[in-house]
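Colleague: Hey, I'm new to this one. Can you pull it up and walk me through it?
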There are 2 protein chains.
Amino acid sequence: MLTRIDHIGIACHDLDATVEFYQATYGFEVFHTETNQEQGVREAMLKINETSDGGASYLQLLEPTREDSTVAKWLAKNGEGVHHIAFGTADVDADAADIRGKGVRVLYDEPRRGSMGSRITFLHPKDCHGVLTELVTSAPDESPEH
Amino acid sequence: MLTRIDHIGIACHDLDATVEFYQATYGFEVFHTETNQEQGVREAMLKINETSDGGASYLQLLEPTREDSTVAKWLAKNGEGVHHIAFGTADVDADAADIRGKGVRVLYDEPRRGSMGSRITFLHPKDCHGVLTELVTSAPDESPEH
């Protein structure tokens, strides 16, 4: 069961400049940064609010680390902007199986590692009215490793 | 001060079909529907979670009601997908003035009426790393008029 907006993923060309924009314009602070080699992105998580399911909602700013990454290709086609949205669930495996059973394409056979040790999968945007949609289960210990 | 992700605005061609997708796939329910003649949209708000500032986070599904509306033009260019993101604040006037003072273009001189009696304004996406960004102050009585 999806119980929160976990994050909004925003693709950018220059992570440091984009973090600076969000900090200077809105006062949002960096909660966590990491590089995900598998996804080919360097990212910053800005925590915006906590949520009624015990989690939180973040902006996830994404800069590609290599030209063949999915985000690099997306940026080349679309320019900077909202790349995906993510819903939080206590059980990404169960929700992914349930949603696959409804005929929506789930992009990974098994959930993979996402931000802060979470487990994630993605749904095909063509099956979701144009929205690349991520499902996230946070790590049991959500404390960020800065 | 922006204290929550208020909503993610998603443009679609067929509101009823898109609502049906979100309901059938994820179990999200319609919290409120309305038509905003000024914006030229028919919309459905799906409440996803409550937030630590006393508000909530929604998906806002938007179908254009006329071909010259901003959302209709956006859909013709981009197809279905995430149209904008919105941050909630207790004082949209103060935040819009503050952000304008930082050199970001604010699209309205004064906030206008948004969903459920809220007061809203937008920031120019070219000043926000490609993200059309809305600021929202909820109506004092947020109860929806279905």
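Colleague: So why can we say whether the copies meet through the same surface or through different ones?
Modeller: Bear in mind that this is a predicted model. Of the interface residues of chain B, 100% are also interface residues in chain A, so the copies meet through the same surface.

Colleague: And what turn lays chain B on chain A?
Modeller: A turn of 180°, with a shift of 0.0 Å along the axis, and the RMSD is 0.0 Å. That is the relation of a two-fold axis.

Colleague: Which C-alpha in chain B is nearest the axis?
Modeller: That would be the C-alpha of Thr51(B), at 2.3 Å from the axis.

Colleague: OK, back to the contact. How many residues does it take from each chain?
Modeller: It takes 38 residues from chain A and 38 residues from chain B. The area buried between the two chains is about 3,100 Å², and carbon and sulfur atoms give 68% of that.

Colleague: Which residues in chain B lose the most area to chain A?
Modeller: Ile5(B), Tyr26(B) and His129(B), which together make up 22% of what that side buries.

Colleague: What about salt bridges and polar contacts, how many between the chains?
Modeller: Zero salt bridges between chain B and chain A. Polar contact is another story: the rule finds twelve residue pairs across that interface, both residues at pLDDT 80 or more.

Colleague: Which elements of chain B supply the side that touches chain A?
Modeller: Strands E1 (2–11), E3 (41–50), E4 (56–64) and E5 (81–89), plus helices H1 (15–26) and H3 (92–101), each supply at least two residues. H1(B) gives the most, with seven residues. By type, that side of chain B divides into 21 nonpolar, eleven polar and six charged residues.

Colleague: Switching topic: how many salt bridges are there over all chains?
Modeller: A search of the whole structure finds 22. In chain A, Asp53(A) and Arg4(A) meet through their side chains in a salt bridge, 2.9 Å from N to O.

Colleague: Where do those two sit in the chain?
Modeller: They link distant parts, 49 residues apart. Arg4(A) is in strand E1 (residues 2–11) of chain A, while Asp53(A) is in the loop between strands E3 (41–50) and E4 (56–64).

Colleague: Last thing, which residues of chain A does UniProt list for a domain?
Modeller: An unreviewed UniProt entry lists residues 4–138 of chain A as "domain: VOC". Over residues 4–138 the chain is 23% helix and 41% strand, with the end C-alpha atoms 12 Å apart.

Methods:
Residues numbered from 1 in each chain as written. Chains lettered and ligands numbered in written order. Predicted model: local features only at pLDDT ≥ 70, side-chain atom pairs only at ≥ 80, totals over all residues. Heavy atoms only, no water. Contact = heavy atoms within 4.5 Å. Buried area = accessible area lost by both parts, 1.4 Å probe. Salt bridge = Lys/Arg side-chain N within 4 Å of Asp/Glu carboxyl O. Polar contact = N/O pair within 3.5 Å; in protein donor to acceptor, adjacent residues only side chain to side chain. Helix = DSSP H or I, 4+ residues; strand = E, 2+ residues; numbered from the N terminus. Nonpolar A, V, L, I, M, F, W, Y, C, P; charged D, E, K, R; others polar. UniProt positions renumbered as here; feature names shortened; annotations may be inferred. Least-squares fit on C-alpha atoms with pLDDT ≥ 70 in both.
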